[in-house]
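Here is a short briefing to read with the structure beside you. Take a look at it first, then work through the points by topic.

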Amino acid sequence: MNNKLLVVGTMAYDSIESPFGKTGKILGGCATYIGLAASQFKTSCTLVSVVGDDFKKSYMDLLKSKGIDLSGVELISGEKTFFWKGKYHNDLNSRTTLDTQLNVLTKFKPKVPDNFKNASIVLLGNLDPNLQGDVLSQMNNPKLVIMDTMNFWIDSYRDKLDEVISKVDVFSLNDEEARQITRTHSLVESAQKLHAMGPSYVIIKKGEHGALLFNGEKIFCAPALPLEEVFDPTGAGDSFIGGFAGYLSQCGRITFEEMKTATIMGSALASFTVQKFGTESLENITPERFNQRIQAFKSLTKFEIELT
Ligand code: AMP
């Protein structure tokens, strides 16, 4: 297994409203969050994405400075970058999409760089399932394929989505999306139905209530860190899966036990993301702060019970 991680997803301008304030157009997109989270690990990560000529050069420089390869990012002149606007409600666990402007995405023909066609791990970020499938078909026999999605694609691209789901090993989605796809309230039952669609691993994210990892009969439950301040949950799911994939790419072993650790790594990265608007917090993690946070997760869940 090599340490190459191929990511396809959006690079975007986001505009966010939460009970704590609003932003203008800031850096966003699932590939951006995934890349920044994965770059915390020793992995060789490339993004396959698309931007318009309005995308700031300083954003590209930022990603490059984190060691992320951008040779698969296409720039389409005369077109605008993907734009998403969302508003979080008071509980911060639910949000409304106010605007989605696909812009360059409608012209995007993803091209996997030749030197990444043999990547051991492929992460199909939240994107049009036709594009996810296109990228997968360009790869040479990856060891692990991970996929994320969101309600926007579940609503209107269901057939193609199901086809891609049938080809992946790990499917990551939030509780609402799992219920929407499987029309099942119980998340345990929902995970079983998702397994039956193809993926042997299913991760159901529950926002501030943590995440569940399913592998057949085996279940692992990761907490979310109780934080004093949450400003903006945008990108939490992407940071989670970016950290998950980055860790597995670094460790080079694909087992349930390693996936448990990867789930905690992902949860730790998501906990940073929500503490500031946009990517700011993720951009500024130091190894010391990251280690402290992992330690906090350990002590949060460690307990001993003597059974009599
Ligand atoms: P998350 O909060 O983890 O679901 O991810 C939010 C990010 O996803 C934002 O930065 C958006 O730019 C991006 N995004 C929003 N809608 C879509 C969509 N329909 N397809 C792909 N990416 C999207």
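**The ligand and the cysteines**

This is a predicted model. The protein covers 95% of the 510 Å² of accessible area that the ligand has on its own. The structure holds 0 disulfides. Let's take these two topics in turn.

**Around the ligand**

- The ligand is surrounded by 19 residues, and D14, G29, R95, G235 and D238 come nearest.
- Sorted by class, this shell has 9 nonpolar, 7 polar and 3 charged residues.
- Four elements each supply at least two residues of the shell: β2 (12-18), β7 (82-88), α4 (151-156) and α8 (236-251).
- The largest share, 3 residues, comes from α8.

**Polar contacts with the ligand**

- G29 uses its backbone: one of its polar backbone atoms is 2.7 Å from an oxygen atom of the ligand.
- R95 uses its side chain, where a polar atom lies 2.8 Å from an oxygen atom of the ligand.
- W153 also has a polar side-chain atom by the ligand, 3.1 Å from a nitrogen atom.

**The cysteines**

- A disulfide is a covalent bond between the sulfur atoms of two cysteines.
- Why is C30 not bonded to C45? The sulfur of C45 is the closest cysteine sulfur to that of C30, but at 12 Å it is too far for a bond.
- C30 is buried, with a relative accessible area of 3%.
- C251 is in no disulfide either, and the nearest cysteine sulfur, that of C45, is 16 Å away.
- C251 counts as buried because its relative accessibility is 17%, and the cut-off for buried is under 20%.

How values were computed
Residues are numbered from 1 along each chain as its sequence is written. This is a predicted model: local features need pLDDT of at least 70, side-chain atom pairs count only at pLDDT 80 or more; totals for chains, interfaces and linings use all residues. Side-chain values use heavy atoms; hydrogens and water are left out. A residue is near a molecule or strand if one of its heavy atoms lies within 4 Å of it. A polar contact is a pair of N or O atoms within 3.5 Å; within protein, one must be able to donate a hydrogen and the other to accept it, and residues adjacent in sequence count only if both atoms are side-chain atoms. Accessible areas come from the Shrake-Rupley method with a 1.4 Å probe; for residues, only the protein chains shown count as cover. Ala, Val, Leu, Ile, Met, Phe, Trp, Tyr, Cys and Pro count as nonpolar, Asp, Glu, Lys and Arg as charged, and the others, Gly among them, as polar. A disulfide is a pair of cysteine sulfur atoms within 2.5 Å. Buried means under 20% relative accessible area, exposed over 50%, partly exposed in between (1.4 Å probe, protein chains only).
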